[in-house]
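Visitor: I am new to this structure and would like a close look at a single part of it. Please start from one residue and then lead me, step by step, to the contact around which your account is built.

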Amino acid sequence: MSQEIRPDLAEVRQAMRRFAQERLEPVAQALDAGETPPAWRGWLAEQGYLGMRLPSAFGGAETDLSTYCLANEEFSRIHRVFTLVLDATSGLTPIAIARHGTPAQQQRWLPGLCDGSATASFGLTEPDAGSDAAAIRTRARRGDGGWVLSGTKHYISGAHRAAVIMVIAVTDPALGARGGITAFLVPQGTPGMVVSRVDRTIGSDAVELAELRFEDCVVGDDAVLGDVGQGFAIAMGSLTNGRMSVSASCIGAAHRLIEIAADWARQRHTFGRPLADRQAIQWMLADSTTELFAARAMAYDTLRRADNGEDLGPSASMVKLYCSEMVGRVADRAVQILGGAGLVRGSPVERMYRDVRHYRVGEGSSEVQRLLIARHVLRDGLP
Ligand SMILES: Cc1cc2nc3c(=O)[nH]c(=O)nc-3n(C[C@H](O)[C@H](O)[C@H](O)COP(=O)(O)OP(=O)(O)OC[C@H]3O[C@@H](n4cnc5c(N)ncnc54)[C@H](O)[C@@H]3O)c2cc1C
C-alpha cells in the first residue's frame, strides 16, 4: 500500500526520512531526556531545510508547498520541535515577506532565515481576539516619520527569540478587516516592544509562546508589509498555507504513533498471548490506519492542486480539520494500546499525545475551520 504526494517526490521523501532518522532522532532523544542536544539547527541549514520555500536568490531552496509539507511530515515523525523551526524560517511570516515584501525587506530578512541565523514570528492573536481575528485591537497610528504601535499580542510562538515579528494591527477602525488592518515587520529590540511574559503549553517544552506589549513603539514606513490596509488578507493567506503544513505534521505524527503502537502490540504479552492477537487491539490499529489513509488522500490531493496553482479555498480548512482531529484520536488509541508505558513521562507516545493536542487549536481551531467550511457551502455550494 503506497501513498505518495507525487511520484517525483518519492526519493525526496526517502532522503528526508534518512536524514531525520540518522541526525534528528538522537537529538529528539536528548530533548526528551532533558539533555542538551548538539547544535542541530546548523545541520538543517546545511541540508537546505531552513528557508526551504524562500527564493534561491536569498539562499532558499524555492521548493513547492508539497515538498515543504513532506519535510513537515517526515520531521514530525521524530519530534514536533523540528517542524517549529521549519515554520519559523519558511512558514507564515517568511512566506508573507517573500510574497509581499519590498526588495529591501526581502534583502534584510530572508538571507538570515535561510542560513539559520534568524527566525520570524507571526503576531496576530491578542488576549481579546483569537478565533475572531478581525476583532484585534492593537493599533497603528500615523506618527512622526512612520507609525506608532500600541496594544498587546499573546501566544506568539517563539517571538521572544525571533529576529522579526509580523505584527497585524488596526490602521483604520472604521474599515476593520475590509481594508483597515495592516501588517508590520517589527525587528526584535525595537524600543516600545516588550516581551512581557513567556508561556509554556502542555506540548513539549520547546514550544514557548510570548506575550508582546507595544507602548508607543515607533516603526518607519519601511516596516509596512504589502499595502496599508492589506494586512488581514496577508495574514489569512499565510494561514491557509500554514493549515497544510500543520496537516502534514499531523500525518507524520499519526504515522509514527501507529508504528510504535503496532510494535508494542507485537511484543507485549498478556494472558499468555501477544496483544496483537486481540481483536480489541487490532480494531484500534485498523481504525487509526484507515483514518491516516484518508488523511493522506485528502491532504495530498489538495497539495497537488495547490502546486498546480489552484486556490486552496475551503479545502485547506477541511484538510486541517480532519487531520488535526484524526491525530488526536490516533494518539489516544496509541496510549491505550501501550497502557502505562504510554503514560510515563519521557516516552515518545506520551510526548506526542501532549504535542498533538495543540493542532486542534492553533492556526484556526476545529470550530473555526467548521465555520469557514460551512460559510463556503452556504454561500457557494459544495466545493
Ligand atoms: C501552541 C500555540 C501556538 C500558537 N502560536 C501562535 C502564533 O505564533 N501567532 C499567533 O498569532 N497566534 C498563535 N496562537 C494562538 C492561536 O491561534 C489561538 O489560540 C487560536 O486562534 C484560538 O484563539 P483563543 O485561544 O483566543 O480561543 P478563543 O477564540 O477564545 O476560542 C475558545 C474556544 O471557543 C471556540 N470558538 C470560538 N469562536 C467560536 C464560534 N464562533 N463558534 C464555535 N466555537 C467557537 C474555539 O474554537 C475554542 O475552542 C498559538 C496558540 C497555541 C496554543
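Guide: A residue is called buried when its relative accessible area is under 20%, exposed when that area is over 50%, and partly exposed in between. The model shown here is a predicted one, and Val 246 is a good place to begin reading it. Val 246 belongs to helix 7, which covers residues 231-267, and since its relative accessible area is 9%, it counts as buried. Leaving aside residues up to four places away in sequence, Val 246 touches Lys 320, Tyr 359 and Glu 363. Its C-alpha atom is also separated by 9.0 Å from that of Gly 362, although these two residues are 116 residues apart along the chain.

One of those neighbours, Glu 363, deserves a pause. Glu 363 sits in the loop between helix 10 (348-355) and helix 11 (366-380), and at 19% relative accessibility it counts as buried, because the limit is 20%. Most residues other than glycine have a negative phi, whereas phi of Glu 363 is near 55°, a positive value. Ser 317 offers another covered position: it lies in helix 9, residues 315-338, and is buried with a relative accessible area of 4%. Apart from residues up to four places away in sequence, Ser 317 touches Arg 243, Gln 369, Leu 372 and Ile 373. For contrast, Phe 271 lies in the loop between strand 9 (269-270) and strand 10 (273-274), and at 82% relative accessibility it counts as exposed.

From here we can step back to the division of the chain and then turn to the contact itself. The protein is divided into domain 1 (7-115), domain 2 (120-228) and domain 3 (233-380). The centres of domain 1 and domain 3, taken over C-alpha atoms, are separated by 21 Å, and their contact takes 21 residues from domain 1 and 30 residues from domain 3. Between them these two domains bury about 2200 Å², with 48% of that area on carbon and sulfur atoms. On the side of domain 1, Arg 77, Arg 80 and Leu 92 lose the most area to domain 3, and together they account for 31% of what that side buries.

Polar pairing runs across this interface as well. There are 4 salt bridges across the interface of domain 1 and domain 3, and 16 residue pairs are in polar contact across it. On the side of domain 1 that touches domain 3, the elements giving two or more residues are helix 1 (10-32), helix 3 (65-76), helix 4 (80-90) and helix 5 (92-100). Helix 3 gives the most to that side, with 7 residues, and the residues of the side as a whole divide into 6 nonpolar, 6 polar and 9 charged. Helix 4, which is among these elements, is mostly covered, with 9 of its 11 residues buried. The buried residues include Arg 80, which is also one of the residues of domain 1 that lose the most area to domain 3.

Side chains of opposite charge can pair when their charged atoms come close, and several such pairs can be followed in helix 1 and helix 3. Arg 13 forms a salt bridge with Glu 73, their closest N and O atoms being 2.8 Å apart. Because Arg 13 lies in helix 1 and Glu 73 in helix 3, the pair ties together parts that are 60 residues apart in sequence. Both ends are covered: Arg 13 is buried at 3% relative accessibility, and Glu 73 is buried with a relative accessible area of 1%. The side chains of Arg 17 and Glu 74 also meet in a salt bridge, at 2.8 Å from N to O, and this pair again links distant parts of the chain, with Arg 17 in helix 1 and Glu 74 in helix 3, 57 residues apart. Arg 17 and Glu 74 are both buried.

These pairs belong to a wider arrangement, for Glu 4, Arg 13, Arg 17, Glu 73, Glu 74, Arg 77, Glu 259 and Arg 296 are linked in a network of salt bridges. Arg 77 thus appears in this network and also among the residues of domain 1 that lose the most area to domain 3. Elsewhere, Asp 32 and Arg 351 meet through their side chains in a salt bridge of 3.1 Å, N to O.

Terms used
Residues are numbered from 1 along each chain as its sequence is written. This is a predicted model: local features need pLDDT of at least 70, side-chain atom pairs count only at pLDDT 80 or more; totals for chains, interfaces and linings use all residues. Side-chain values use heavy atoms; hydrogens and water are left out. Domain bounds come from an automatic or database domain assignment. Contact means heavy atoms within 4.5 Å. Buried area is the accessible area (1.4 Å probe) that two parts lose on being put together, summed over both. A polar contact is a pair of N or O atoms within 3.5 Å; within protein, one must be able to donate a hydrogen and the other to accept it, and residues adjacent in sequence count only if both atoms are side-chain atoms. Helices (H or I, at least four residues) and strands (E, at least two) are DSSP runs, numbered from the N terminus. Ala, Val, Leu, Ile, Met, Phe, Trp, Tyr, Cys and Pro count as nonpolar, Asp, Glu, Lys and Arg as charged, and the others, Gly among them, as polar. Buried means under 20% relative accessible area, exposed over 50%, partly exposed in between (1.4 Å probe, protein chains only).
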